[in-house]
Amino acid sequence: MDGDIYSYGVLLLEMFTGRKPTDNFIDVKMAYPNNLLEILDASATYNGNTQELVELVIYPIFRLGLACCKESPRERMKMDDIVKELNAVKKACSAHATK
């Protein structure tokens, strides 16, 4: 299960940065939390307030991905906590969309 959690974190980071899983994610760690837009996949587009996107989606997803990719399996998030985090992002996005 720990390998699955690590792999999930790599997948999240890969999707949002556009980098291959074999690439080193040290840039992601260094960019988090203040410079995430610099490492975001260049093909990602969004019509709206960029700061809202960062706060609602980008920041939480990168935090989640990095928490899943901790070197020590003991330090990685547990699956039930991952689900809670994803549900919180979903809820925040839904609430924002209904404004």
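How many salt bridges does the structure hold? It holds two, and they get their own view further down. First, some ground rules: this is a predicted model, so local features need pLDDT of at least 70 and side-chain atom pairs count only at pLDDT 80 or more, while totals for chains, interfaces and linings use all residues. Residues are numbered from 1 along each chain as its sequence is written, and side-chain values use heavy atoms, with hydrogens and water left out.

**View 1. The whole chain has five helices and zero strands.**
Starting at the N terminus, the elements run α-α-α-α-α. Helices (H or I, at least four residues) and strands (E, at least two) are DSSP runs, numbered from the N terminus. Of the 99 residues in the chain, 30% are buried; buried means under 20% relative accessible area, exposed means over 50%, and partly exposed sits in between (1.4 Å probe, protein chains only). The accessible surface comes to about 6,600 Å², and carbon and sulfur atoms own 53% of that. Those areas come from the Shrake-Rupley method with a 1.4 Å probe; for residues, only the protein chains shown count as cover. Take the contacts (heavy atoms within 4.5 Å) with a separation of 6 or more: 58% of them join residues 24 or more positions apart.

**View 2. The largest nonpolar core has 22 residues.**
A nonpolar core here is a set of buried Ala, Val, Leu, Ile, Met, Phe, Trp, Tyr and Cys residues joined through side-chain atoms within 4.5 Å. The members that touch the most other members are L13, V28, I39, I58, F62, L64 and I82. Two or more residues each come from α1 (2–17), α2 (26–31), α3 (36–39) and α4 (50–68). Helix α4 gives the largest share, nine residues.

**View 3. F62 and its neighbours.**
With 0% relative accessibility, F62 counts as buried. Skip the neighbours within four places in sequence, and F62 is in contact with L13, F16, T17, V28, Y32, L36, I39 and L40.

**View 4. The structure holds two aromatic pairs.**
Rings of Phe, Tyr and Trp (its six-membered ring) pair if their centres lie within 6.5 Å; planes under 30 degrees apart count as stacked, over 60 as edge-to-face, and the rest as tilted. F16 and F62 have ring centres 6.2 Å apart and planes at 70°, so this pair is edge-to-face. Since F16 lies in helix α1 and F62 in helix α4, the pair ties together parts that are 46 residues apart in sequence. Y32 and Y59 make a stacked pair, 5.2 Å centre to centre with 10° between the planes. This one links distant parts of the chain too: Y32 is in the loop between α2 and α3, Y59 is in helix α4, and they are 27 residues apart. Y59 counts as partly exposed, at 31% relative accessibility.

**View 5. A close look at T17 in helix α1.**
At 8% relative accessibility, T17 counts as buried. Its side chain makes polar contacts, meaning a pair of N or O atoms within 3.5 Å; within protein, one must be able to donate a hydrogen and the other to accept it, and residues adjacent in sequence count only if both atoms are side-chain atoms. The T17 side chain reaches the backbone oxygen of L13 at 2.7 Å and the backbone nitrogen of R19 at 3.2 Å. Leaving aside neighbours within four places in sequence, T17 is in contact with F25, V28, I39, L40, D41 and F62. The C-alpha atoms of T17 and I39 are separated by 5.8 Å, though the two are 22 residues apart along the chain.

**View 6. Back to the two salt bridges.**
Side chains of opposite charge can pair when their charged atoms come close. To count as a salt bridge, a side-chain nitrogen of Lys or Arg must be within 4 Å of a carboxyl oxygen of Asp or Glu. D27 forms one with R19, with the closest N and O atoms 3.1 Å apart. D27 is partly exposed, with a relative accessible area of 36%. In the other, E85 meets R63 at 3.2 Å, N to O. That pair links distant parts of the chain, with E85 in helix α5 (residues 79–97) and R63 in helix α4, 22 residues apart. Both count as partly exposed: E85 at 26% relative accessibility and R63 at 33%.
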